[in-house]
Structures are given as C-alpha cells and as structure tokens.
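Notebook open. I want to look up the charged pairs here, then check one histidine and its surroundings.

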Amino acid sequence: MKRPQSAARAAEKRANGSGSVRLRGKMWTARLSLGETGRRTFSLPTCRTEHEANARLEVLAELAGRLIAAGQVVLGVPLLEQAAAREGNALRDVRLAIDHLCRGEARARATGETTFAEFAERVLSGELAEQYPDHVKAIRSADNYRTRLAHVLDVLGPVPLVRFTLDHADHAMSLLPGHLQPGTRQKIAQIIHRILALATYPARIINSNPLPRGWIPKADDEKAKGYLYPDEDHRLMRCKAIPLCFRIYYGFLDREGMRADEAGRLEWSDLDLDRGAVVLDENKTDDPRAWALSPDVVRALRKWREICPDKVRVFVGKWGNALPGHNGAKNFRDHLRRAGVDRPELFETTNARLNIRLHDTRATFITVKLATGRTETWISDRTGHSSSDQIHNYKRAARKVAELALGDFAPLDEALPELAGNGGSVAGDGPASEEPDARSTSDEVSLASAPLALALTRGNVVASATANAGVPEGVRLGPRWATPEVGPTDDEQEPTEIVLLSAASSAEPGKKPKFFPGCARGLSETSGPRMGCSRQDLWRYQRGAQATRYWSAVRKQCLNDSFLRRLRGWPRT
C-alpha cells in the first residue's frame, strides 16, 4: 500500500511548472501546473504538430517557473495565455513583460487606467478631435499612422499612460527593425511624442510629457535626390508604350509642382478651365492655395476632359481608380525605363543618393523653374512651401540646369502626341490601357481603318488598296518611322484574298496552319493577311504593337456572315 503524499510535497510537485500537451479537435492545448493557482489549460493556435506543441510547452513551463519563484503567478496568468498564442516579436514582448513583472517593475492595471494603445486609437479614429475641436485636428491619413505605430504597439500598447516613462519609449525605439530608414524612425518617434503630448493636454490624463526635448531622432536628409531634365520629360511624354492616363499625370506634376497625392485627389470642380486656374483647399499643410495654371496645361486638360471616363476626378486609371500617390515610385521608374530614360543616378540608391521617386516630380518642377528664372514666391504659390529655406535646397541643382542651357518643359498639349493631333489615338492610350505591358495604338490605324473597313463590307477588295488615297499623310497606314529593309514600293499593289482556316482548309494537307505574332487568329502565314495592301504596308503592320489592334479591327469586319459566304467562293491564289 502506497503512502499518501504530504500536502507540502504535493504543492511542490504542482509548483514545478510541469505539464502535458493534448490535441482537442483541430487545436493543440497545453495543461500546466501553476502552483497555488492549480492546473491551467492554454490553447496553442500556432502549433501544427505535436513536436511544436511540446516545444511551446517547454517555453511556458520556463516562464511559469519564473513567475512562481517571484510570487507573481496570479498576475502572470494572462501573460502566459499570450505567450501560448504568440510568435516572433510578439512572444519576445511577452517575455519582456514577464521580466518586468518578476523584478517588481510592473503591477496589475487599475480599473479605469487608459493604456497607450487605447488613447492612440482615440486620436487616430477622430474621437479626440470631436471632443476637443479647438485644439485637435482630425487625421486624414490615419492608416499611415497605424502602419508606423504597428512597429512599437506590441511594446507600448499595454503600458498605462500614467506609468509611461522615458525607458518605455527608448526600449520601443531600440527594437525597431534595422532596415527602416532614418526618416521612418523619426516619423515613428514623432507619433509617439504627439500622442503623449495630447494625453497631457487637452486630454489631461498625465501631468507632463515624459519625453524630453531632443528625444526625437534627427533624420539624415542630406542624400541627393533625383530629378528629370526637360528632354527626359519630353521623352517620357512621347512614349506611347505608356498609357496616356499615366503620362498626363506625370506631365501635370512636372509642370505644376503639386504633390502626387494632391493630384490624385484632384477633382474637376477644383479646376476653372475657362479661366485657367486651380483651387486647392485641402492639402497636407491645411494651407489653402490657388494659382493660375500654365496655358499649355490648361489646353491639355481641356482635351483630356473630353476623353476622361471619370466625371469627378481628373486623373484616373482604367477602372476609374485613383492613380498611385504615395506608392507610385516603382511604376514611375518602370515607365522611365520604358521611355528610354536610363541616366544611372535616377535608378540607384547609395549612402549618398536616393533613386528617383514619384514625389521627386516636385523637385523636378522647382529645379527647372528656378533655372528658367522663376521667383521663389511664384514657386511657393504652387508647391505650398512655407519658407525660403525649403526652396533654397534646390538652387544648386538649378544653377547646373541653367548652365547647361537645358531650357523649359515642352508644352504639355504638344508633348503628348494623342493631344497634339499628330496621329495619336486618344481612345487607345487613355485610361482603358493601364496594364504594364499594354502597347498603345495610334490614330494612323484607327483613322485609316475606316475606309478600309467600308471597302471590305462592300466586298470590294481592290478598292481597299486605294483606301488611303484620300487620307492625309499624317494618318496613313503604318507608323511613319517604319521603313522596310527589302520590299516593293508603295505603287506595287497586290490585291489578294482572305483565306479562312478550318479543319477542311489548311495550308497543306495533314499540317496545321502557322500563325505569326501581331495577326488576328485565323489568318495564315502562307496566304497572308494582305487585303489589297502593298507588301510594304503588310511589312509595317507585322511589326510592333499596332498590328494587334489593326488586325483585331479587320477581323471584326470579317465576321460579317454575308461577307464570309462570298469569301468561300473565291479561288485561292
């Protein structure tokens, strides 16, 4: 017969932090002895296997042993529950909280105490602005603040404001990821300081701000920033491989100096295109400003409004979505490369230089306008800079541009081929083509396709060869830069047929017909898609992205049932 264990020995066994794991349903749990509080069960949502559950049980047993030894196990049970459910940095923060509790540096939160996280949410949600409208302004970009606070909220969030100290803030800043730039670290510190300042007044939760003057770190803002030369801007505006909605957006930013996010929120009601003015009441600095737009920008916006699908916002994408403001740097650099702008300093980031960002269109505007003799007052009316020191940072680069005699930007309505009337297709390059790999088509195809399609529907194939006779030179078939290496002259017209490929009509018996890029599906390589066009015109439209849109339009005409019936009776060539 076994001897009964004494009460002291049983208590000692329960206090050793031993336990076991068990699978309940689809979740692993850990059952742990916690001394005077008895045995507790903790859910392990992050554990997928028994091995992971046993590893987490060892962590919990080690933390429970420390709490039992310090006599803080009652207060430490909620922390053990968090340790059972957290991973990575969150688990590390729980360990730190248990360290403070074991050393006697923490105590249970009193009823009614406001934590840092709770007060921060009052600030970001606008509740504090509604309560104190004379002293607190509502935050428009609360999501950006939440993203930055997420780096420190696990450490600072549970801390009651009345017990918040400088050590808490220093500890949170020391745990920031190493890849964060100095400017980002400075902004995080500014948010922490601002929340504590509002807790001091007007909320009056604490008597004074625990963070001293000078606590916010200095940001290293001495890195050189990129800007575009006027000829590079012109090259960007002329590149039809970039959707028109992006190009007019970039051109507007370069010529007016507006912030990218301000331009993204710009509405047609903010513009007076009759008089050529813009009114910007809501902006980053809450300093309403208005100015006269450049005449070329006004002319370009008038034409853009005729084709823009959105009746509210000025700059929109394919589906009516706003173009990127804060997050448009990658697209901007990709579009510059596509336009052939390859100056190395625009695309490299070093200890002394930043690669070009969409926000640097403001630097482009200020630099070029200073180089062309515009005053600081004229520039600040458009950019919203409140001091001359901010504009002074661009004067050295402006002197370089002036000495190189690079000139000013080309007029926006002339730099964009679609708006200048030089044979560009407004519809093809507009907001309907926002995909990165989309290739725009020109009016050379769209205007010339009308007489050709008319000839096809009438069954007159020979007439289509002379469809360009009445079309101006600027809108003839094929890009003006296309010159064939070897081929007949324009005068050699070779009227041919369209052969429809099917199972019974192939290029050779037993072989599938071949297709070549740029042609509509169903037109063979052997018969060729030459509908009354010369070989030179055929060569032109087999090249480039323009061919795809051209043959798509032709194929639509070929789908006419009556026309197809006539084609079936034609002999092959």
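Entry one, salt bridges. I searched the whole structure and got 22 salt bridges. Worth keeping in mind while I read them: this is a predicted model. The general idea behind the search is simple, in that side chains of opposite charge can pair when their charged atoms come close.

Entry two, Arg95. I picked Arg95 and found a salt bridge to Glu62, with the closest N and O atoms 3.4 Å apart. Arg95 belongs to helix α4 (residues 88-102) and Glu62 to helix α2 (residues 50-70), so this pair ties together parts that are 33 residues apart in sequence. Then I looked up accessibility for both ends. Arg95 is partly exposed, with a relative accessible area of 30%. Glu62 is partly exposed too, and its relative accessible area is 35%.

Entry three, Arg259. Here I found a salt bridge with Glu262, and the closest N and O atoms are 2.6 Å apart. Are these two buried or exposed? Both Arg259 and Glu262 turn out to be buried.

Entry four, Arg357. The side chain of Arg357 meets that of Asp360 in a salt bridge, at 2.9 Å from N to O. I checked the two ends separately. Arg357 has a relative accessible area of 26%, so I noted it as partly exposed. Asp360 has a relative accessibility of 2%, and since buried means under 20%, Asp360 counts as buried.

While on salt bridges, I also asked which residues are joined through shared partners. One network came up, made of Glu62, Arg66, Arg95 and Asp99. The pair from entry two, Arg95 and Glu62, is part of that network.

Entry five, His168. Where does His168 sit? I placed His168 in helix α9, which covers residues 166-174. His168 is at 26% relative accessibility, so I put it down as partly exposed.

Next I listed its surroundings. Leaving aside neighbours within four places in sequence, I get contacts from His168 to Leu156, Val159 and Arg163. I also picked up a polar contact of 2.9 Å between the side chains of His168 and Thr165.

Last, a look further along the chain. How far apart in space are His168 and Pro210, C-alpha to C-alpha? I read 9.9 Å for this pair, with their positions 42 residues apart in sequence.

How values were computed:
Residues are numbered from 1 along each chain as its sequence is written. This is a predicted model: local features need pLDDT of at least 70, side-chain atom pairs count only at pLDDT 80 or more; totals for chains, interfaces and linings use all residues. Side-chain values use heavy atoms; hydrogens and water are left out. Helices (H or I, at least four residues) and strands (E, at least two) are DSSP runs, numbered from the N terminus. Buried means under 20% relative accessible area, exposed over 50%, partly exposed in between (1.4 Å probe, protein chains only). Contact means heavy atoms within 4.5 Å. A polar contact is a pair of N or O atoms within 3.5 Å; within protein, one must be able to donate a hydrogen and the other to accept it, and residues adjacent in sequence count only if both atoms are side-chain atoms.
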